[in-house]
Amino acid sequence: MAGVGKSALAVHAAHALAARFPDAQLFVDLHGFTPGREPIAPAVMLDILLRRLGVPPQRIPAAPRRRADLWRNQLAGRRVLVVLDNARDATQVGQLLPDAPGCLVLVTTRHPMPALDVTVSLTLDMLPTEQAVAMSTHIVRGDRVAVEPEAVAEVVSLYDHLPQAIRVAGTRLTRKPGQPSTGLVTQLRDARRDRGELAADDRGLGRHPVLAPAPVTTVEPHLAPLHLVPAQLPPALADFVGHSTALATLVAGLAEPGLWVIAGPGGAGKSTLAIQAAHRLIGSYPDGQLHAQLRGGSGLPITPHDVLGRFLRSLGVEAGAVPPGVAERLDLFRSLVAGKRILVVLDDASDERQVRTLLPGGPGCGVVITSRRRLAGLSGATVVALGMLEEDAAIELLDRMIGPDRIAEDPVAARDIVRLCGRLPLAVRIAGARLGVRRQWPLTALARRLADERRRLDELSAGDLEVRACLKLSYAALDQPSRAAFRLLGVLGVPDFASWVVAALMDLPAVEAEDLLERLVEAHMVEIAGVDRLGELRYRLHDLVGVYATEQAEATDTEPVQRAAIQRALGGWLWLVTQVAAHEPSGHPDPCREYGTARAVEGWVAEQARADPSGWFEAEGSPMSTAVERAAGRDLTDVAYELAAALGASTYLTGNRFDEWHRTHEAALTATRRTGHRVGEATLLTGLGQLHYEADRYPLARELLDRALTVFDESGDEYGQAVALASIGATCREQGQLRESRDHLARAGAMFAALEEDAGLGYTGRLSGSVDLELGDYAAALTAFDQTLVCYRRLGSRRGEALTLRGIGLVHRAKGEHEAAVEFSRQALDILREIGDELMAAYTVQSLVKAQIRLGRGESAPLEEALSVCEAHHDPLGQGIVLRTIAELHLAEGRPAEAEVFLQRALAVWEPLDALLFRARGLRDLASVHTALGDRPRAAVALAEALSIFASQGAREYRELTSCTGAGVCDVEVGLSAQPRP
């Protein structure tokens, strides 16, 4: 019987007997009757017990019989006490009984076990009245018992002297010292609970509104920082039922590393089973658990390249250190997991090729793969074939969703429902969801609906038809607008979405779209994925449900209807991106002069996006990228290339989403070439060039921009030519090709002037000013910057204004006007911090501190913070600039040795970038360091290389550092003496 105190008695007895069994005392809960838990399989429990006895994991055999033999061998000749609590039946404990005379086993169970050869069998029953009252008196403070003896007696009477109920009720009384006991008794009496139900089932306690145990508050001790172990497993379902044999097989088999595949039809519970098994195996894989949703059934499977990148970052590899190629990522991944015990769960694999490059190479890792296919091509894999639930397990699943009372009211109808669902877990869950939100429905009502063959597809046919049949149960119950929204969400195929996206797809007001979503959520056809930073609900389609939605759209909606819906959704995203850009102009020219496919959505959505642009892009970035790929695949070229271009030009995401934006550009570029859209092709080539420019990959950026310029020339698109020329000019500037940069920027500026484009004029003017500064033409630089300020202020670009003010400060610093340099830098920094541009604020901090160094009041703390920002944004150019400034601070304060360390770091960071001018400046400073250290030969070598670069680029530093003969021969010694003080 439940609740009579079996476990408590066993524990007390074990404590009393502990001294007689000095070798070990083991206590294990077999979870035979634990709600929400499957009983622990004997093979799994043997593994646990052997480990507790100190057997190394690698010595524990995989075969259950051999484990049992090892267990008995370990106990031979030893005195060990074993408590097997909460046993289900004799089968569960039979293999756990030791065949050793020095050992004692205590087993607690609800039912007699005549099949076991036991020496003593004790049966516990309810307490006599006097013992029950004594127990209550012991638990409740004596003064309260004396004051309210009737209340205590009634607690005992209400619960038939059941020890567990009395203990819980008494504990509740002691935890509420200010509440009279009579109040609790009144609640117990009013609850009108059937005492027989409580006595028969432990779960009655947990469900009782008064006797449910009070929450316990715990205080975690302060711990020292620990090494981060990846723990990526999704939560295990609390109502998991069925597939117990497969679960036990998996857990036992993966107690030792190996490769396992769970194969079965869609909706059979493959993913759920894998996660349940993985959670139970956590102790066997102490070095971590990795999980990847491969989306094999989505039509857009995740590439091994992306999965390996996420795995490597989870294993502690910095994002900037993740190799670019799949082969290199795989090599690094296998190297990192070698010698470790890590469990890898690869969910929803499409085929063998998708997972082969995700498998660890060493023997210490376990791998679980779920797939609709058996993946027979995977060598050495053990396949667990998953089918339908047994009828009793399906009934139990329905029970847990709608409650046992409704099942008990009509058990025949309940069995009809699970039978008509094909006993497929996904179908049973959907049916339970409908019943759960319609409490007034009798079960026969849903059973009649399911029996109508017109509402289902080829019931119980082979393959995926089970999934289709189950999904149609809810789909058929939807009204027409909900069905249409469901189908179009499948067509769009994004990983998650906000309610306004449904409004755009359906061309409906947002309120009506939210109502549609609520109906879809009720039917479990749409899930709530979470809440984004803006406080908006995010929704998603389960992969299987998404596949079904796509199939229904293909069967129901014409191609023009589907294309129009995709066009509306992407047009809405594009309009919002342009709204954010217009609210806070970046100071760069837009990649497209006009966005012809942008489509306005409701104003509140734009207000949210403008209020928190980075939060909005964080939520919508991945859905937009997927949508671009979908649109490109259907040759919706205009909207695909315009949205891809607008995303790539965003100042909020470029640094952190390079791979994602690169994929959108490549997908849209393929579509433009397939459809012969030359302007779109050139726009995307420009965008790709700018993305590589932002990543400091200047040679590749230049190659792409040159190709874009050629296509724009052939198409006669003057705006596109101007954007490409300006981007080429920027790339040349970073590479130190100053004269070429000035020429390209001059051409671009003239075109923007003719087109009256302030953003383009401001951008080219600011860059031209910086080139004039590098060339030493300070007057021209100030003139360019002054004209740029006019353009940016007319445009309303605070960011552009700030970057221009920073440029003016650089001119004043170069002229030796350091106080003015500090003032302009501070003005720029205030604006950048106000608009939240963290990276450009870091650059401006560097400029400010450098001017302060010239004034003898530089500080290191702001530079260290700026360096951290550049590192977080994966900006190697900025890292090098800040490192060089830190070195200058050390040199100015008389620490040349420390300065050398930071200069060498800066030069190493710049080396791959082909940024010659920055390298030359670092070498010039290195010459100063060597001079301060008394090593003039090394100083001369460093300065000579710097001079060579300055001369080839026409930089102002060449004239500052050297005096030349009439024949143009440079005097390095003069250059050394001519170096300006830092």
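This passage describes two surface patches and an aromatic pair in a predicted model. Local features require pLDDT of at least 70 and side-chain atom pairs pLDDT 80 or more, whereas totals for chains, interfaces and linings use all residues. Residues are numbered from 1 along each chain as its sequence is written, and side-chain values use heavy atoms, without hydrogens and water.

The whole structure contains eight aromatic pairs (rings of Phe, Tyr and Trp, the latter by its six-membered ring, with centres within 6.5 Å). In one of them, F497 and Y539, the ring centres lie 6.1 Å apart and the planes meet at 25°, so the pair is stacked (planes under 30 degrees apart). F497 belongs to the loop between α23 (480-492) and α24 (499-506), and Y539 to strand β10 (residues 537-540), so that the pair links parts of the chain 42 residues apart. Both residues are buried (under 20% relative accessible area, 1.4 Å probe, protein chains only).

Strand β10 also holds L537, which joins I528 and V531 in a nonpolar surface patch with about 250 Å² of accessible area together. Patch residues have over 30% relative accessible area and no salt bridge (a side-chain nitrogen of Lys or Arg within 4 Å of a carboxyl oxygen of Asp or Glu); nonpolar side chains are joined within 5 Å and like charges within 9 Å. Areas follow the Shrake-Rupley method with a 1.4 Å probe. L537 has a relative accessible area of 33% and is therefore partly exposed (between 20% and 50%).

A negative patch comprises E512, E514, D515, E518 and E602, charges being placed at CG of Asp or CD of Glu. E602 lies in the loop between α27 (559-583) and α28 (603-611) and, at 33% relative accessibility, is partly exposed.

Terms used: Lys and Arg count as positive and Asp and Glu as negative; His and the chain ends are not counted. Helices (H or I, at least four residues) and strands (E, at least two) are DSSP runs, numbered from the N terminus. Rings of Phe, Tyr and Trp (its six-membered ring) pair if their centres lie within 6.5 Å; planes under 30 degrees apart count as stacked, over 60 as edge-to-face and the rest as tilted.
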